Structures are given as structure tokens and as C-alpha cells.
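Let's walk through this one together, starting from a single spot in a loop and working outwards. Keep the structure open beside you as you read.

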Amino acid sequence: MSEVFSRLSSRAIALGLGALVVLAACGGSSSGGGGANSTDVTVWTAWGGNELKAYQDVLKPFQDQTGIKVHLTTVRDANQLAINVDAGTSLPDIAPGPSVDKVKDWVGKGVMKPIETALGSDFSTYISNTYPALTTAPSGQTDDLYIGIVGGKHYEMMVKTQVKGLFWFNKKVFTGTAPKTFDELLAINPSQYGAKSLMCTGLESGGASGWPASDMIDNIIMRQSGDQVYVNWIQGKVKFTSPEIKLGYQTYLKEVSSSTAYGGPNTVLSTAFQRAGKPLFATPPGCLFLEQATFIPSFFLEDYPNLKAGTDFDFFGHPSMGVSQYDGNVNGFYDNFAMYNDTPAARKLMAYMATPAAQQIWANDGGTLAAIKSITYNDPVFKNAATVAAGAKNLLVTAGDFMPSDMQAAFWKSLLNVTRSPSSLDSELAKLDQVQKAAYAAS
């Protein structure tokens with residue numbers, strides 16, 4: 001998912017993308033488009049660190065083979081594109097799509113150019129190569145603003161993806177079969193495998209504490225009550241006191257109860273999400289499972305550098321909530337690019353980024369899934385994650401990341417409060433209804 005949001009997403013928090021700065025890289029910076037240019041293309045991205053290096057690796061063959069110079073700038077100011085659009089000033093040729101509330105407006109103003117235009121005759125190949133959940137609007141609908149589809153046309157080209165709601169385990173401790181349902185998961189006896197508790201969870205993340213719990217409850221609600229309820233809830237059309245959302249909270253509380261969670265609620269609340277997996281590899285093991293996204297192995301390796309993916313740890317996808325028609329709802333995030341200036345060089349770069357050759361470089365550099373289904377992975381964890389993505393009917397965004405800021409903050413805080421005091425659930429949900437009413441009226 002594009003990180004050019006009105007605030008930081010849970011993915012950005014997890015990867016430490018907290019600073020709002022502008023950094024130049026790869027051929028120098030440029031503040032605007034290149035006009036009808038066939039030799040230069042300007043690109044903005046939110047990536048830094050290893051993600052930026054991987055993208056530079058992707059761009060090198062393109063520049064070498066075409067002679068087109070890519071002026072790449074890392075822009076962490078989440079509002080910069082919108083500022084330029086509102087001011088009528090120059091835009092980069094290519095950048096991530098905007099926050100979901102701006103997609104339709106920008107398309108209507110002609111700010112974003114259709115991917116059909118950018119890719120030309122290669123568009124049908126892009127659609128057939130890419131995970132359907134990243135390119136297909138719900139049945140019977142012509143809009144899906146979360147993946148940049150407006151009026152049946154595509155305005156955001158997907159290049160990478162990740163999946164959440166994965167249950168990680170130490171392969172030398174948990175040697176059983178992955179549970180098919182959530183009830184089967186909760187019924188596993190950790191002492192059978194020499195572990196103290198079933199689950200490890202860490203919700204501490206400074207001022208953003210609680211976001212890991214929001215990922216957990218999102219995965220429950222989308223599989224328990226379905227994608228339509230889930231999306232309507234994100235949009236403020238389903239109250240927090242509704243039976244579906246209350247059931248999601250009640251189910252979440254089973255994961256963090258004293259009888260299930262390592263150390264009980266106090267440990268859950270005080271443990272940093274980065275360190276939540278440490279007990280998986282302790283002697284004796286503190287827990288059997290940790291629910292987290294595809295980025296979590298980097299933190300395992302910080303604590304235990306000698307661990308090997310696929311040998312020492314692995315994961316299974318989120319078990320069914322017992323409603324089979326919703327099993328294909330997968331929580332994830334994805335990275336995309338939109339074309340803001342229709343130039344020959346921009347079209348060529350967009351077409352290149354949609355190829356297996358380009359996306360294989362991203363996969364080879366590690367830490368991500370490509371958007372193309374046929375990419376191969378050396379890392380067994382991402383090979384497994386690709387299977388989860390391929391099986392997704394809907395790749396649904398993280399709810400809190402797309403709620404108004406006040407709603408997001410109250411949502412995350414409520415999860416901390418009910419973890420601490422489950423008996424407060426009804427009062428917390430009632431408070432959230434009030435925040436929701438005000439936050440969506442103002443948004």
C-alpha cells in the first residue's frame with residue numbers, strides 16, 4: 001500500500017518510517033514533472049533504507065538499457081503531493097497514488113493518468129500476471145478506491161505486496177499440523193509442545209501503541225463477518241456497537257486473555273511489538289505462536305541472528321473463522337505507482353516496473369512479495385507468503401490506517417483498554433460510536 005497517507009500506517013510504524021523528511025537519491029532530486037520528455041523521468045517514493053536500495057537495484061537495468069535517467073526522490077512528507085495538486089504546481093511524473101479519499105477527485109481532475117494509457121498494449125499482460133486481489137474490483141462494481149479503480153479503469157499500478165494475519169512459530173517447538181479454524185487454534189495445548197503459553201503478543205509502540213491489536217482484530221472481522229461489513233466499518237457506516245464489531249472484539253480478547261497470552265494482559269500491554277516474538281525461541285519456549293505480518297522476521301533476526309527462515313521458523317495463514325465464504329479475505333498492504341505526467345519516459349518506466357524481470361529484482365533483494373504471481377522466491381517464508389497472496393479473493397487494507405485520525409487513535413486506545421479490562425468492552429464500544437460520529441462528520 002502506498003505510504004503517501006495523511007498519517008503513518010501501521011506498516012510505516014513497524015518499519016520505523018517516522019520522520020517526515022525529503023531525501024534525494026539516485027540521479028538527484030527534482031521537484032516536478034519533466035514535460036514531454038523521452039530521456040528523463042521524475043519519481044517520488046516514500047521508501048528509505050533497504051526498500052530504497054532495492055528500488056535503486058530495480059531501476060539500474062532500466063537506466064542502463066534505455067539511457068533514460070531516473071530522478072528519484074524519497075518524499076516522506078505525506079501531504080506533499082496533495083499540496084502540489086492543490087497549488088497547481090508541478091508534479092513528479094510517477095509517484096504512489098494518494099490517500100483513498102483523494103483518488104476519485106484526482107481522477108476527475110485528470111491528475112492521475114490511467115494505467116491502461118501508461119501500459120498501452122502491455123496492460124492486459126499486467127492484469128493477467130498480477131494477483132487478482134490487487135487489480136479486481138468487487139463483483140458488479142466499477143470502483144475500488146483502495147486499489148485505484150475508478151469507473152472500471154485502473155489508476156494505480158501494483159508493484160509489491162505484503163500479507164498480515166500470519167501465525168509464526170518455532171519449527172523445532174511446534175511440530176503439529178496448522179489448525180484449519182480459529183477454534184482449533186485456541187484449543188491447542190501449548191504444554192504438549194513444552195511451551196508455557198499458546199500466544200505471544202506485544203502491543204507497545206510508543207504513541208502508536210495498540211496498532212498490532214488493530215491488525216489482529218481486522219483479520220478476525222473480515223473473516224468472521226465478511227468484506228462488505230469490514231469495508232463499511234472502515235468508512236464509518238457500521239457502528240462499533242454493532243453485533244459484528246462487538247463479536248470481533250470478543251474474539252480478539254480470547255487471544256490476549258490470561259489463559260492464552262504469555263505473561264497475561266500486563267505483559268501483552270508492556271511488550272514492544274518488535275520483541276514480542278522472543279519467547280518463541282527461548283529455552284524453554286514461552287509460547288507457540290505470534291500473530292504478525294511478513295516483516296516480523298527482521299526482528300527475530302535482531303534478537304537471534306543465527307535463525308534460518310524455513311528451518312528455524314515459519315508461519316501458517318490466518319485460520320478460518322468458521323465462515324467459509326469469507327476465508328478468501330486476506331489483510332495486507334501493497335505498494336503502487338501512479339502516472340501523473342504522460343511522457344514517453346514515464347510510460348517506459350511504468351511498463352518496465354510491471355514486468356517479471358523488474359519485480360524479480362525486488363523479490364531477490366528480499367523483504368517483500370512482488371505483485372506478479374509467477375515470481376520465484378529464495379526465502380522460504382516469502383515463498384509461503386506468495387501462496388497466501390495467491391489464494392486471496394480480496395486483499396483488504398488495514399482498517400485503522402484508513403480511518404480519520406481521531407478515530408484511529410481512539411480505536412487503538414480502545415484495544416489497549418479492553419485488553420487491560422475486558423469488562424469495559426461495552427463502555428469502550430459506546431465511546432467509539434461517539435468518536436466515529438464526530439470524526440466522520442468532520443472528515
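Start at P284, which sits in the loop between helix 11 (264–270) and strand 10 (287–292). What is the peptide bond from T283 to P284, cis or trans? Here it's cis, with omega near -5°. Keep in mind throughout that this is a predicted model, so that angle, like every value below, is computed from predicted coordinates.

Now zoom out for a moment. The protein chain folds into 17 helices and 14 strands. Its C-alpha trace spans about 65 × 50 × 40 Å along the principal axes. Does that go with a compact globule or not? For 443 residues, a compact globule would have a radius of gyration near 22 Å, and since the protein chain has 22 Å, it agrees with that expectation. Burial can be put in numbers too: 58% of the 443 residues in the protein chain are buried. As for who touches whom, take the contacts between residues at least 6 apart in sequence: 78% of them join residues at least 24 apart.

On the outside, the protein chain has an accessible surface of about 17,000 Å², and carbon and sulfur atoms account for 51% of it. As for charge, there are 34 positive and 38 negative side chains, and the centres of the two sets lie 1 Å apart.

Back inside, then. The largest nonpolar core has 132 residues, and the ones with the most contacts inside it are Y55, Y249, Y252, F289, L349 and M353. F289 is a good one to click on. Leaving aside residues up to four places away in sequence, F289 touches F167, W168, F169, F174, L185, I188, L198, M199, C200, L280 and F316. Apart from that largest core lies another one, of 16 residues, with V85, M112, Y155 and A338 among them.

Next, have a look at helix 10 (residues 243–255), where you'll find T251. Is T251 buried or exposed? Its relative accessibility is 6%, so T251 counts as buried. Setting aside residues up to four places away in sequence, T251 touches F182, I220, Q224 and M321.

Helix 12 (residues 297–303) holds F299. F299 has a relative accessible area of 10%, so this phenylalanine is buried, the cut-off being under 20%. For a sense of distance, F299 and A276 are 23 residues apart in sequence, and their C-alpha atoms are 9.2 Å apart in space.

Now hop over to the loop between strand 13 (369–370) and helix 15 (380–390), which is home to I372. With a relative accessible area of 0%, I372 is buried. What does I372 touch, not counting residues up to four places away in sequence? The answer is N129, T130, Y131, A354, T355, P356 and Q359. I188, which came up earlier as a contact of F289, is 184 residues away from I372 in sequence and 36 Å away in space, C-alpha to C-alpha.

D379 lies in that loop as well, between strand 13 and helix 15. Unlike I372, which is buried, D379 is partly exposed, with a relative accessible area of 31%. Measuring C-alpha to C-alpha, D379 and A363 are 9.0 Å apart in space, with their positions 16 residues apart in sequence.

Let's finish at the surface. Q65 is in helix 2 (residues 49–66). At 66% relative accessibility, Q65 counts as exposed, because the cut-off for that is over 50%. Q65 and M222 are 157 residues apart along the chain, and 44 Å separates their C-alpha atoms.

Note on methods:
Residues numbered from 1 in each chain as written. Predicted model: local features only at pLDDT ≥ 70, side-chain atom pairs only at ≥ 80, totals over all residues. Heavy atoms only, no water. Helix = DSSP H or I, 4+ residues; strand = E, 2+ residues; numbered from the N terminus. Rg over C-alpha atoms; globule rule 2.2 N^0.38 Å. Buried < 20%, exposed > 50% of the residue type's maximum accessible area, 1.4 Å probe, protein only. Contact = heavy atoms within 4.5 Å. Areas by Shrake-Rupley, 256 points an atom, 1.4 Å probe, with all protein chains shown as cover. Lys, Arg positive; Asp, Glu negative; His and termini not counted. Charge placed at Lys NZ, Arg CZ, Asp CG, Glu CD. Core = buried A, V, L, I, M, F, W, Y, C linked by side-chain atoms within 4.5 Å.
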